[in-house]
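Thanks for making the time this morning. I would like to walk through one chain with you, beginning with its strands and then moving on to rings, loops and confidence.

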Amino acid sequence: LQHTGDNRTGEGDGDDEMILANMDLVDSDITDILILVSIHHAKLREHHFGQLKNAFIRLYDVDNKKEILRYTLEDKFQNCTEVEFGKFQKINNEWRFLALGNGFTKGLQSFVDMYA
């Protein structure tokens, strides 16, 4: 897994941030990968996902140049500073994506503490 960097301004065209994944290379002991997005210094800057326009997460197959799925943020995440978009689960040695769509205001560190 490789994160391509954090675009904190939203400027530019195309996808602002990407996580590149070659699922065949993920350690065989790993069975779940959570996709969680947080806003950098959300409380300090008084930002939340309800303020974002045209925000989405999508799965894109770069080999086939095909969008597999798209999850668009809506007003549902008003006042949320973190969003669990979904998770990859390895079932019968095959990766599947489960959409979650859960919003939180407990801070990124709480997730680190929960899973680390």
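What you see here is a predicted model, and in it 3 strands form an open sheet, in the order E3-E6-E7, with antiparallel pairing. E3 and E7 are the edge strands, each of them pairing on one side only, and from one strand to the next the twist averages 15°. If we look at the pairing of E6 with E7, we find that these two strands run antiparallel and are joined by 9 bridges, and, to give you one position to look at, glutamine 89 stands opposite arginine 96 in E7.

Let me turn to the aromatic rings. How many aromatic pairs does the structure hold? There are 3 of them, and I will describe two. In one of these, tyrosine 71 and phenylalanine 85 meet edge-to-face, at 5.6 Å centre to centre and with 85° between the planes. Tyrosine 71 belongs to strand E5, residues 66–72, while phenylalanine 85 belongs to strand E6, residues 82–91, so this pair ties together parts that are 14 residues apart in sequence. Phenylalanine 85 counts as buried, because its relative accessibility is 4%, under the 20% cut-off.

The other pair I want to show is formed by phenylalanine 88 and phenylalanine 97, whose ring centres are 5.1 Å apart; the pair is edge-to-face because the planes stand at 65°, and the cut-off for that label is over 60 degrees. Phenylalanine 88 is buried, at 15% relative accessibility, whereas phenylalanine 97, with a relative accessible area of 25%, is partly exposed.

Phenylalanine 88 comes up again when we look at methionine 23, which sits in the loop between strand E2 (19–20) and strand E3 (32–38). Leaving out residues up to four places away in sequence, methionine 23 touches Ile33, Phe88 and Trp95, and at 18% relative accessibility methionine 23 counts as buried.

There is also a charge over a ring to point out: lysine 106 lies over the face of phenylalanine 111, at 4.8 Å from the ring centre. Lysine 106 is also one of the contacts of threonine 81, and these contacts, not counting neighbours within four places in sequence, include Val37, Ser38, Ile39, Phe49 and Phe104 as well. Threonine 81 itself is placed in the loop between E5 and E6; is it buried or exposed? With a relative accessible area of 7%, threonine 81 is buried.

Now for the backbone, where two residues deserve a careful look. Most residues other than glycine have a negative phi. Lysine 65, however, has a positive phi, near 50°, and lysine 65 is found in the loop between strand E4 (56–61) and E5, where it is exposed, with a relative accessible area of 65%. Asparagine 92 likewise has a positive phi near 50°; its place is the loop between E6 and strand E7 (94–104), and asparagine 92 is exposed as well, at a relative accessible area of 73%.

Finally, a word on confidence. The mean pLDDT of the chain is 84, with 91% of its residues reaching 70 or more. Which elements have the lowest and the highest mean pLDDT? The lowest mean, 76, belongs to strand E1, residues 2–3, and the highest, 92, to E6, the strand that lies between E3 and E7 in the order of the sheet.

Technical notes: Residues are numbered from 1 along each chain as its sequence is written. This is a predicted model: local features need pLDDT of at least 70, side-chain atom pairs count only at pLDDT 80 or more; totals for chains, interfaces and linings use all residues. Side-chain values use heavy atoms; hydrogens and water are left out. Rings of Phe, Tyr and Trp (its six-membered ring) pair if their centres lie within 6.5 Å; planes under 30 degrees apart count as stacked, over 60 as edge-to-face and the rest as tilted. Helices (H or I, at least four residues) and strands (E, at least two) are DSSP runs, numbered from the N terminus. Buried means under 20% relative accessible area, exposed over 50%, partly exposed in between (1.4 Å probe, protein chains only). A charge sits over a ring if NZ of Lys or CZ of Arg is within 6 Å of the ring centre and within 35 degrees of the ring normal. pLDDT is the predictor's confidence in each residue, from 0 to 100. Contact means heavy atoms within 4.5 Å. Two strands pair if DSSP finds at least two bridges between them. Axes are lines fitted to C-alpha atoms, for helices over the stretch in contact, and angles run from 0 to 180 degrees between N-to-C directions.
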